[in-house]
Amino acid sequence: KGMAQRVRGGAMPIARPADPLHTRIGAAEQINPKITDAAIREIGDAPTILMDGGATTLSLVPRLGGVAQRLIITPSPWVAIACQEHGIDAFLIGGTLSPRGGIAVGNGAQIEVAQVAVDIAVLGACGVDAEFGLSADDHAEAQMKQAMHAAAARTIVVTGAQKIGRRARHQTLRPDQIDALITDADHDLTASLTQA
């Protein structure tokens, strides 16, 4: 039925690529508020944040205001518009718009990201696995997330429980490159990630 893939020692579910962001944009209202609360605490008063696209990262924007001279740098037009709606300064990275994640990708976008220095990169996930690390469905998005990680002093990944233990198509960051993982997954799902 195509629901599992044989691996050494057993089987693991196949991670179906996400639908395009514009079809999932309403999902931001369904994000567990505990993820949002924990992410806002982790971000604290960091003045410069590089924000990925996706429904989970987008759900953080309404809570990011109130910090003097805070700047959000993002390759996501949805995140940039949400920042404007909430009175937060935003700098939009340009490039070819990837439909799945709704972020700018390509060499030009990666060069722009390499020319900024930020306190925190907040990345979404297509999959997070204790051995494979952070992964993305789209190769160009994986490269963009790598560039975002390289531009930041700290990297935070925010994701729901359904992405934990999944391996999307393209490895993005090793587990040891992630400074914090914020999720609503139960401890039994995250124990191996904590060790990694």
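Before anything else, a definition: when I speak of helices and strands, I mean DSSP runs, at least four residues for a helix and at least two for a strand, numbered from the N terminus. With that in hand, please keep in mind that what we are looking at is a predicted model.

Let me start with Asp-52, which sits in the loop that joins strand S3 to helix H3, the helix that covers residues 55–60. Is Asp-52 buried or exposed? Its relative accessible area is 1%, and since buried means under 20%, Asp-52 is counted as buried. If we set aside the neighbours within four places in sequence, Asp-52 still has a list of contacts, including Thr-57, Thr-74, Ser-76, Ile-103, Lys-145 and Met-148.

Gln-69 belongs to another loop, the one between H3 and strand S4, where S4 is made of residues 71–74. This residue counts as exposed, with a relative accessibility of 76%. What I would like you to notice is its backbone, for Gln-69 has a positive phi of about 60 degrees, although it is not a glycine. As background, most residues other than glycine have a negative phi.

Now we come to helix H5, residues 107–114, in which Ala-109, Gln-110 and Val-113 are buried. Looking down the axis of H5, we find these buried residues within an arc of 100 degrees, so they line one face of the helix. It helps to recall that an α-helix has 3.6 residues a turn, so residues three or four places apart point the same way. On the face turned away from the buried side, H5 carries the exposed residues Asn-107, Ile-111 and Ala-114.

What do the buried residues of H5 pack against? Their partners are strand S3, strand S7 and helix H6, the last of these running over residues 139–150. Let me stay with H6 for a moment: the axes of H5 and H6 are 9 Å apart, and the two helices pack at an angle of about 10 degrees. That angle makes H5 roughly parallel to H6. In this contact, Ala-109, Gln-110 and Val-113 from H5 meet Gln-143, Met-144, Ala-147 and Met-148 from H6. Sorted by type, the residues of the contact are 5 nonpolar and 2 polar, with no charged ones.

I will finish with the cysteines. Cys-83 is buried at 0% relative accessibility, and Cys-126 is also buried, with a relative accessible area of 14%. How many disulfides does the structure hold? The number is 0.

Note on methods: Residues are numbered from 1 along each chain as its sequence is written. This is a predicted model: local features need pLDDT of at least 70, side-chain atom pairs count only at pLDDT 80 or more; totals for chains, interfaces and linings use all residues. Side-chain values use heavy atoms; hydrogens and water are left out. Buried means under 20% relative accessible area, exposed over 50%, partly exposed in between (1.4 Å probe, protein chains only). The arc is that of the directions from the helix axis to the C-beta atoms. Contact means heavy atoms within 4.5 Å. A disulfide is a pair of cysteine sulfur atoms within 2.5 Å. Axes are lines fitted to C-alpha atoms, for helices over the stretch in contact, and angles run from 0 to 180 degrees between N-to-C directions. Angles under 35 degrees count as roughly parallel, over 145 as roughly antiparallel, 65 to 115 as roughly perpendicular and the rest as oblique. Ala, Val, Leu, Ile, Met, Phe, Trp, Tyr, Cys and Pro count as nonpolar, Asp, Glu, Lys and Arg as charged, and the others, Gly among them, as polar.
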